[in-house]
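Thanks for asking me to look this over with you. Here are my notes, set out point by point so that you can follow along with the structure open.

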Amino acid sequence: MAMLDGLLVHLLSDPEGMPGPLAIAILDEHLARFVDIGIPV
């Protein structure tokens, strides 16, 4: 949950520095460590 909150703060405060697709990729990679979402780590 903290990871998602941190990404959200970056997205809202600096959208150019943290574009949406990058935030999604970071979150996908993080979640793939805990559940099988079909993304190789």
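1. How accessible is Leu 4, and does that make Leu 4 buried, partly exposed or exposed? Leu 4 has a relative accessibility of 43%, so the residue counts as partly exposed. You will find Leu 4 in helix 1. Its C-alpha atom lies 9.0 Å from that of Ala 23, a residue 19 places away along the chain. Please keep in mind throughout that this is a predicted model.

2. Now for the overall layout. The protein chain has two helices and zero strands. Of its 41 residues, 10% are buried. The chain exposes about 3300 Å², and carbon and sulfur atoms supply 67% of that area.

3. Next, the pair of helices. A general remark may help here: two packed helices are described by the angle between their axes and the distance between the axes. In this model, the axes of helix 1 (residues 2-13) and helix 2 come within 10 Å and cross at roughly 170°. An angle over 145 degrees counts as roughly antiparallel, and helix 1 and helix 2 are therefore roughly antiparallel to each other. On the helix 1 side, the contact is made by Met 3, Leu 4, Leu 7 and Leu 11. Helix 2 contributes Gly 20, Ala 23, Ile 26, Leu 27 and His 30.

4. Ile 26 is a good residue to click on. This isoleucine sits in helix 2. With a relative accessible area of 29%, Ile 26 is partly exposed, because buried means under 20%. Setting aside neighbours within four places in sequence, Ile 26 is in contact with Met 3, Leu 7 and Met 18. Take Leu 7 from that list: Ile 26 and Leu 7 are 19 residues apart in sequence, yet their C-alpha atoms are 8.6 Å apart in space.

5. Have a look at Met 18 as well. Its place is in the loop between helix 1 and helix 2. Is this loop residue buried or exposed? Met 18 counts as buried, at 12% relative accessibility. Not counting residues up to four places away in sequence, Met 18 touches Leu 7, His 10, Leu 11, Ala 23 and Ile 26. Between Met 18 and Leu 7, which are eleven residues apart along the chain, the C-alpha separation is 8.1 Å.

6. On charged pairs, the count comes to one salt bridge. Which side chains form the bridge? The partners are Arg 33 and Glu 29, with an N to O distance of 3.2 Å. Arg 33 counts as exposed, at 55% relative accessibility. Glu 29, at 41%, counts as partly exposed.

7. Finally, the surface. Which residues form a nonpolar patch there? Leu 31, Phe 34 and Val 35 do, and together they have about 300 Å² of accessible area. Phe 34 is found in the segment after helix 2 (20-32). Its relative accessible area is 62%, and over 50% means exposed, so Phe 34 is an exposed member of the patch.

8. To recap for your own viewing session, there are three spots to visit. Begin with the contact between helix 1 and helix 2, where Leu 4 and Ile 26 are among the residues taking part. Then move to Met 18 in the loop between the helices. End at the nonpolar surface patch that includes Phe 34.

Notes: Residues are numbered from 1 along each chain as its sequence is written. This is a predicted model: local features need pLDDT of at least 70, side-chain atom pairs count only at pLDDT 80 or more; totals for chains, interfaces and linings use all residues. Side-chain values use heavy atoms; hydrogens and water are left out. Patches are made of residues with over 30% relative accessible area and no salt bridge: like charges are joined within 9 Å, nonpolar side chains (Val, Leu, Ile, Met, Phe, Trp, Tyr) within 5 Å. Accessible areas come from the Shrake-Rupley method with a 1.4 Å probe; for residues, only the protein chains shown count as cover. A salt bridge is a side-chain nitrogen of Lys or Arg within 4 Å of a carboxyl oxygen of Asp or Glu. Helices (H or I, at least four residues) and strands (E, at least two) are DSSP runs, numbered from the N terminus. Buried means under 20% relative accessible area, exposed over 50%, partly exposed in between (1.4 Å probe, protein chains only). Contact means heavy atoms within 4.5 Å. Axes are lines fitted to C-alpha atoms, for helices over the stretch in contact, and angles run from 0 to 180 degrees between N-to-C directions. Angles under 35 degrees count as roughly parallel, over 145 as roughly antiparallel, 65 to 115 as roughly perpendicular and the rest as oblique.
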